[in-house]
Amino acid sequence: MKGDIPLVRSARPAPVSGFLRAMSAVVWKDLAAELRSRELLSSMLVFALLVILIFNFALELDTKTRSTVTSGVLWVTFAFAGTLGLNRSMAMEKDRGCLDGLLLAPVDRSAIYFGKAIGNLIFMFIVEIIVLPVYSVLYNTNLFHPGLLLVILLGSIGYVAVGTLLSSMAVQTRTRDVLLPILLFPVAIPVFIAAVKASSGFLQGTEMAEIQPWLTLLITYDVIFTSVAFMVFDYVVEE
Amino acid sequence: MESKPRLLTILDIATIVMLVIATGMVFLYAPMEAVMGNVQRVFYFHVAAGWVGMLGFLVAAIAGIVYLRTGRREWDIASLSAVEIGMVFAFINVVTGAIWARPIWNTWWTWDPRLTTATIMLLIYAAYLLLRQGIEDPDRRARFGAVYAIVGFLSVPLTFFSARLFRTIHPVVIGSNQPGAEGAFDMTPLMLQTFMFSLLTFSIIFVDLLWHRIRLGKLADKVEQMKLKVMG
């Protein structure tokens with residue numbers, strides 16, 4: 001009997017490490033696919049830069065207006081580019097039947113959700129990291145404030161947590177990509193309001209006591225919606 | 001073909017009678033508000049409609065959770081019915097609010113937290129209906145609808161809090177008022193009775209409509225099945 005124990009152990013690895021392995025496999029797959037095709041990041045980036053360009057004309061971003069609207073422009077850009085990325089990342093799974101393959105794998109479905117979400121988050125971060133310096137150079141403002149980076153981190157997490165869940169629903173409908181922003185934007189409004197307010201607070205050097213409630217709101221949103229998405233994702237991909 | 005339940009007929013009659021009484025109370029029983037005059041009377045149905053809207057969305061979210069756990073179609077019908085009724089009343093709430101705001105705030109619309117939240121809430125449930133429309137498979141439609149009803153409902157309080165961190169001018173008639181609220185007033189006992197009765201009436205209307213709508217949904221299902229049988 002003693003000899004059996006290691007055998008049993010190797011057949012059933014500890015659930016947590018299995019979860020992590022499945023999750024990182026999904027993330028890795030997305031990164032590798034992106035590294036070869038570069039279609040997602042390049043379209044997100046070009047789109048983001050176009051949005052900033054359009055805002056330049058739409059708002060006449062002179063020095064005076066700039067200080068007050070910068071955070072708004074940034075977040076609208078991130079939101080639009082993010083929708084593009086979320087849509088593409090899920091449509092890719094759906095088009096080539098990859099999602100079915102993923103679902104057939106004997107792993108926890110929530111590992112697939114977290115894998116996709118982390119992949120989307122990485123893409124969103126890459127776009128944000130490129131957009132920030134470009135915006136700084138184009139409009140001659142310094143955006144490298146640690147507080148702003150924290151807000152971008154928290155805001156993106158909340159946005160992607162809901163976005164990944166809703167995009168996996170949107171790709172399975174008849175209207176597909178049209179539907180994602182309609183589903184996502186009204187639900188993500190708290191993220192936008194809090195992120196814009198907190199970002200402009202940091203950029204304008206407001207007191208921490210005034211920014212704190214917005215950060216708390218962002219963290220609350222992140223926690224609530226990551227856990228809800230984790231709980232309901234099973235029902236979204238069920239066949 | 002099942003006939004209409006007796007209790008539902010009784011409830012219909014009770015609803016109509018209560019609505020007539022409530023309307024009478026609003027115009028004849030409740031005293032005129034000293035500062036705002038007659039336009040204040042919109043308040044009774046305004047708040048009651050808002051309450052029913054929220055109730056509808058709450059019921060939709062709960063029915064969504066129960067559907068996901070049990071997978072029984074009735075709960076999906078209940079969830080959709082509650083959303084539809086909730087949307088109608090939320091819309092009545094916004095429109096009556098605008099009618100009141102025009103003379104009191106001197107504008108039809110302002111970006112106050114409650115107004116913002118009400119609008120975003122309407123948009124969420126419009127998206128819910130669009131989502132359902134885009135899916136043919138009834139099982140998947142029900143699952144996605146339930147998920148979105150839950151996610152949407154959870155975001156509403158957060159939207160409200162985030163909008164509230166901006167300053168508000170909306171009066172809080174029940175509970176303590178923030179300084180700067182415009183158009184606030186204290187209710188006299190007669191006003192309070194009218195208000196409570198309106199709330200009760202609208203809740204009964206909600207139950208009655210929900211019952212009708214669920215029954216309609218079930219009948220529509222039955223028709224669908226019969227059609228398939230005839231064609232197949």
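Helices and strands are here taken as DSSP runs, a helix having at least four residues and a strand at least two, and they are numbered from the N terminus. With that convention, the secondary structure of chain B comes to 6 helices and 0 strands, and the order along the sequence reads α-α-α-α-α-α. The model is a predicted one, and every value below should be read with that in mind.

## Chain B as a whole

Along its principal axes, the C-alpha trace of chain B spans about 70 × 40 × 25 Å. Of the 232 residues of this chain, 48% count as buried. Among contacts in chain B between residues at least 6 apart in sequence, 76% join residues that are at least 24 apart.

Helix 2 of chain B, which covers residues 42–70, allows a simple check of its length. The expected span of a helix is 1.5 Å times one less than its number of residues, so the 29 residues of helix 2 of chain B should span 42 Å, and the end C-alpha atoms are indeed 42 Å apart, in agreement with that value. Just after this helix, Gly71(B) takes a positive phi of about 75°.

Helix 3 of chain B holds Arg102(B), a residue that counts as partly exposed because its relative accessibility is 37%. Leaving aside residues up to four places away in sequence, Arg102(B) touches Thr107(B) and Trp108(B). Arg102(B) and Lys218(B) are 116 residues apart in sequence, and their C-alpha atoms are 42 Å apart in space.

## Where the two chains meet

The contact between the chains involves 30 residues of chain A and 26 residues of chain B. Together the two chains bury about 2,600 Å² between them, and 77% of this area is on carbon and sulfur atoms. On the side of chain A, Met169(A), Arg174(A) and Tyr235(A) lose the most area to chain B, together 21% of what that side buries.

Polar and charged pairs also occur between the chains: the count is 7 residue pairs in polar contact, both residues being at pLDDT 80 or more, and there are 2 salt bridges between chain A and chain B. Arg174(A) forms a salt bridge with Glu136(B), with the closest N and O atoms 2.6 Å apart.

Three helices of chain A, namely helix 7 (146–170), helix 8 (179–203) and helix 9 (208–237), each supply at least two residues of the side that touches chain B. Helix 9 of chain A gives the most to that side, with 11 residues. By residue type, the side of chain A that touches chain B divides into 22 nonpolar, 4 polar and 4 charged residues.

On the other chain, Arg143(B) lies in helix 5 of chain B, which runs over residues 138–164. Arg143(B) touches Tyr235(A), Val236(A) and Glu238(A) from chain A as well as Tyr67(B) and Leu68(B) from its own chain, residues up to four places away in sequence not being counted. With a relative accessible area of 3%, Arg143(B) is buried.

## Salt bridges within the chains

Side chains of opposite charge can pair when their charged atoms come close. Over all chains, the count comes to 15 salt bridges, and the table gives three that lie within one chain.

| Salt bridge | Closest N to O distance |
|---|---|
| Lys29(A) with Glu93(A) | 2.6 Å |
| Asp76(B) with Arg132(B) | 3.0 Å |
| Arg213(B) with Glu84(B) | 2.6 Å |

In the pair formed by Lys29(A) and Glu93(A), Lys29(A) lies in helix 2 (residues 15–37) of chain A and Glu93(A) in helix 4 (residues 63–95) of chain A, so the pair ties together parts that are 64 residues apart in sequence. Lys29(A) counts as partly exposed at 33% relative accessibility, whereas Glu93(A) counts as buried at 2%. These two residues also belong to a network of salt bridges that links Lys29(A), Asp30(A), Glu93(A) and Lys116(A).

In the pair formed by Asp76(B) and Arg132(B), Asp76(B) lies in helix 3 (residues 73–104) of chain B and Arg132(B) in helix 4 (residues 113–133) of chain B, so parts 56 residues apart in sequence are tied together. Asp76(B) counts as buried at 4% relative accessibility, and Arg132(B) counts as buried at 8%.

In the pair formed by Arg213(B) and Glu84(B), Arg213(B) lies in helix 6 (residues 189–231) of chain B and Glu84(B) in helix 3 of chain B, so the pair ties together parts that are 129 residues apart in sequence. Glu84(B) is partly exposed, with a relative accessible area of 28%.

Conventions:
Residues numbered from 1 in each chain as written. Chains lettered and ligands numbered in written order. Heavy atoms only, no water. Contact = heavy atoms within 4.5 Å. Buried area = accessible area lost by both parts, 1.4 Å probe. Salt bridge = Lys/Arg side-chain N within 4 Å of Asp/Glu carboxyl O. Polar contact = N/O pair within 3.5 Å; in protein donor to acceptor, adjacent residues only side chain to side chain. Nonpolar A, V, L, I, M, F, W, Y, C, P; charged D, E, K, R; others polar. Buried < 20%, exposed > 50% of the residue type's maximum accessible area, 1.4 Å probe, protein only.
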